[in-house]
Amino acid sequence: MNATKQLLQHRQPMIRFLGKRTTPSKLDHTPKVHPASPSQSLPESFATYRQKAQQHGPLNQSNQYSTGGWIGSKPGASLGPIEAGKGEFFDRAELPKRFQRLAWTQDEIEAVESGGASLRA
Amino acid sequence: MFRPVVPRAAPRSLLGPATAAQSTFRASNIYFQDRLRRGYASEAEEKDLVIIGGGVAGYVAAIKAGQSGLKVACIEKRGSLGGTCLNVGCIPSKSLLNNSHLYHQILHDTKNRGIEVGDVKLNLQTMMKAKETSVSGLTKGIEFLFKKNNVEYIKGTGAFQDENTVAVNLIDGGETSVRGKNIFIATGSEATPFPGLTIDEKKVITSTGAIALQQVPKKMVVIGGGIIGLEMGSVWSRLGAEVTVVEFLGQIGGPGMDAEIAKMTQKMLAKQGMKFKLNTKVTKGDDSGESVKINTEAAKGGKEEILDADVVLVAIGRRPYTAGLGLDNIGLETDEKGRLVIDQEYRTKIPHIRVIGDVTFGPMLAHKAEEEGVAAVEYLTKGYGHVNYGAIPSVMYTHPEVAWVGQNEQELKAAGVKYRVGSFPFSANSRAKTNLDTEGIVKFISDANTDRILGVHIVGPNAGEMIAEGTLALEYGASSEDVARTSHAHPTLSEAFKEAAMATYDKAIHY
């Protein structure tokens with residue numbers, strides 16, 4: 001005990017026990033440059049894509065945590081409604097492609113016109 | 001909610017099963033697109049996470065995700081898990097390095113130890129078989145871990161259909177597709193080819209061919225004096241080949257290795273029989289004849305020399321592998337080196353698509369990929385992950401081994417950082433003496449003002465294991481005095497580590 005005390009008087013140990021690891025309570029998920037990236041900035045496409053993808057719904061919240069990260073770990077329902085606000089309108093064509101209307105292909109039209117889809121099964 | 005609805009009661013999809021579609025008039029990929037577009041009842045469930053690539057980054061992420069309770073699928077086209085590392089990289093090469101070292105030691109280093117051996121013969125086929133046994137045991141082990149952690153293993157080649165769908169060409173024939181809320185790209189890397197030489201993995205080989213040669217070549221030229229080139233060059237040199245390493249730079253080991261350590265290592269390897277041509281560039285190669293001719297000249301220009309070899313190992317580096325991944329379908333670009341661009345949470349510009357391992361930034365090392373696999377899944381499940389890119393060790397498994405972590409002297413000089421250096425030779429270490437294996441040193445570099453460790457560089461026996469202590473010290477932000485005041489067991493090689501730390505902040509006892 002005394003020996004340790006004496007030792008510490010002369011030396012400032014850099015390794016100290018900081019307690020159990022915890023996840024920081026506030027996390028900033030705003031996209032930043034990867035620490036191993038040779039570049040100093042992210043390509044423009046990062047911001048452009050997010051802006052386009054987040055124009056509606058819960059992803060379009062204005063706080064800094066809305067840009068990803070925790071969104072992926074939550075069930076969609078918990079993020080709130082995706083309906084447009086009062087007096088606000090948007091077209092389905094503005095949504096990501098997978099939510100847009102699908103055009104009939106020639107093959108499907110032929111299948112229907114041939115007298116029934118089951119004929120092509 | 002916006003999808004057109006096809007009644008579940010419909011007996012079949014409108015377009016029939018995959019086989020029927022393929023036998024008619026449409027290319028299978030178009031059939032696929034239609035089927036996925038419509039979202040028929042036969043469509044597979046959506047996974048929480050789909051991972052393309054079952055290498056170290058991919059399989060570790062898959063297991064971690066499975067442990068975290070995510071529904072996860074991992075797509076791998078090789079037919080066995082573990083990627084380059086397990087199948088044609090770190091693991092098979094270590095098997096050959098270990099066994100070729102034993103062979104070499106039995107041939108050259110037994111008499112003075114009081115061991116007399118008779119006729120020593122090499123059975124290369126059996127040595128290769130031992131390597132294959134190690135590899136297959138480990139890859140099957142990962143398959144078991146997949147089952148244990150509920151990871152769906154899809155054997156096939158994955159390609160993006162859209163931002164949430166990956167189409168898979170199955171190895172056993174046929175196709176399937178899998179949808180994921182999140183997708184990880186972990187497709188790894190491949191050896192960079194040398195312009196003008198055709199890789200046939202027999203005469204002109206990469207590391208893949210270097211672990212599978214059927215006979216010991218008489219003459220081998222290694223283009224590139226980095227870790228892979230020196231390790232594989234060592235193997236074949238020990239087994240009897242005359243190995244010449246041609247390196248463009250002025251030192252071996254690549255840019256990360258400390259210049260002093262690189263010089264010492266080169267001397268030790270030269271003593272073992274390897275020849276080195278540094279500051280030398282390969283201008284062209286001719287593999288049309290029975291042997292391969294390599295034209296070289298001084299890097300800064302000079303007299304040309306032609307090297308003749310039975311086998312040429314191309315080890316000039318690796319490049320990210322994204323061929324056939326369908327990146328165009330989702331609009332993901334790569335940088336000038338072919339790496340996928342990501343942010344600090346491994347996200348591409350499409351936030352639910354993340355990239356880990358060799359195919360993105362950072363050193364192409366299996367343990368770095370492993371860290372990223374865990375961290376990327378934690379970003380998904382907890383919103384927080386951790387990888388310290390400043391404390392990733394590098395190891396070269398020659399004999400003696402070379403290992404380092406943190407910064408080297410030339411980097412610190414260039415950055416204008418004031419530092420102190422302390423080193424300790426293994427020739428003054430008791431255990432190294434008893435092992436008759438005393439070549440090498442441990443070298444510490446610490447900040448001149450704070451004594452915080454900035455880098456640890458080792459060449460010597462067991463360096464690859466010893467560097468773990470240096471990495472831990474660096475990760476914790478330790479000073480050289482912290483390490484020096486920690487008790488190390490006697491007699492062990494690790495005492496050299498402690499003494500080098502002592503030499504950094506004060507003086508070593510035994511030197």
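Contact here means heavy atoms within 4.5 Å. With that in hand, welcome to a set of close-up views of a predicted model.

**Figure 1. B:Ser479, a buried loop residue with a neighbour in chain A.** B:Ser479 sits in the loop that runs between helix H14 (463–476) and helix H15 (480–484) of chain B. Setting aside residues within four places in sequence, its contacts are A:Met14, B:Thr450, B:Asp451, B:Arg452 and B:Ile453. Is B:Ser479 buried or exposed? B:Ser479 counts as buried because its relative accessible area is 4%, and buried means under 20%.

**Figure 2. Chain A, an all-helix arrangement of α-α-α****.** Chain A, which supplies the Met14 partner of B:Ser479, has three helices and zero strands. Of its 121 residues, 22% count as buried. Among the contacts in chain A with a separation of 6 or more, 35% are between residues 24 or more positions apart.

**Figure 3. Domain 2 of chain B facing domain 3 of chain B.** Chain B is divided into domain 1 (47–191 + 320–382), domain 2 (204–316) and domain 3 (400–505). Taken over C-alpha atoms, the centres of domain 2 and domain 3 of chain B are 29 Å apart. At their interface, 15 residues of domain 2 are in contact with 15 residues of domain 3. How much area is buried between these two domains of chain B? The figure is about 1,200 Å², with carbon and sulfur atoms giving 60%. On the domain 2 side, B:Asp258, B:Ile261 and B:Met268 supply 43% of the area buried against domain 3, more than any other three residues.

**Figure 4. Polar and charged links across the interface of domain 2 and domain 3 of chain B.** The rule finds three salt bridges here, along with nine residue pairs in polar contact. Helix H9 (residues 259–271) of chain B gives the largest share of the domain 2 side that touches domain 3, namely seven residues. By residue class, that side of domain 2 divides into seven nonpolar, five polar and three charged.

**Figure 5. The B:Lys443 and B:Asp258 salt bridge.** The closest N and O atoms of B:Lys443 and B:Asp258 are 2.7 Å apart. B:Lys443 belongs to strand E20 (residues 441–447) of chain B, while B:Asp258 is in the loop between strand E9 (242–246) and H9 of chain B, so the pair ties together parts that are 185 residues apart in sequence. Are these two partners buried or exposed? Both B:Lys443 and B:Asp258 are buried. They also belong to a wider network of salt bridges that links B:Asp258, B:Glu260, B:Glu409 and B:Lys443.

**Figure 6. The B:Lys181 and B:Asp48 salt bridge.** Over all chains, the count comes to 24 salt bridges. In the one shown here, the closest N and O atoms of B:Lys181 and B:Asp48 lie 3.2 Å apart. Because B:Lys181 is in strand E5 (residues 175–185) of chain B and B:Asp48 is in strand E1 (residues 46–52) of chain B, the pair ties together parts that are 133 residues apart in sequence. B:Lys181 is partly exposed, with a relative accessible area of 42%, whereas B:Asp48 is buried at 16%.

**Figure 7. The B:Glu190 and B:Arg319 salt bridge.** In this pair the closest N and O atoms are 2.9 Å apart. B:Glu190 comes from strand E6 (residues 189–191) of chain B and B:Arg319 from strand E15 (residues 318–320) of chain B, so parts that are 129 residues apart in sequence are tied together. B:Glu190 is partly exposed, with a relative accessible area of 26%. B:Arg319 also counts as partly exposed, at 35% relative accessibility.

**Figure 8. B:Ser291 in a loop between two strands****.** The strands on either side of this loop are E11 (280–286) and E12 (292–298) of chain B. Which residue shares a side-chain polar contact of 3.0 Å with B:Ser291? The partner is B:Asp308. Not counting residues up to four places away in sequence, B:Ser291 touches B:Asp286, B:Asp308 and B:Ala309.

**Figure 9. B:Val117 in a loop between two helices****.** Helix H5 (90–108) and helix H6 (124–148) of chain B flank this loop. B:Val117 is partly exposed, with a relative accessible area of 41%. Beyond its neighbours within four places in sequence, B:Val117 is in contact with B:Ile106 and B:Thr110. The C-alpha atoms of B:Val117 and B:Glu304 are separated by 45 Å, and the two residues are 187 residues apart along the chain.

Conventions:
Residues are numbered from 1 along each chain as its sequence is written. Chains are lettered from A and ligands numbered from 1 in the order in which they are written. This is a predicted model: local features need pLDDT of at least 70, side-chain atom pairs count only at pLDDT 80 or more; totals for chains, interfaces and linings use all residues. Side-chain values use heavy atoms; hydrogens and water are left out. Domain bounds come from an automatic or database domain assignment. Buried area is the accessible area (1.4 Å probe) that two parts lose on being put together, summed over both. A salt bridge is a side-chain nitrogen of Lys or Arg within 4 Å of a carboxyl oxygen of Asp or Glu. A polar contact is a pair of N or O atoms within 3.5 Å; within protein, one must be able to donate a hydrogen and the other to accept it, and residues adjacent in sequence count only if both atoms are side-chain atoms. Helices (H or I, at least four residues) and strands (E, at least two) are DSSP runs, numbered from the N terminus. Ala, Val, Leu, Ile, Met, Phe, Trp, Tyr, Cys and Pro count as nonpolar, Asp, Glu, Lys and Arg as charged, and the others, Gly among them, as polar. Buried means under 20% relative accessible area, exposed over 50%, partly exposed in between (1.4 Å probe, protein chains only).
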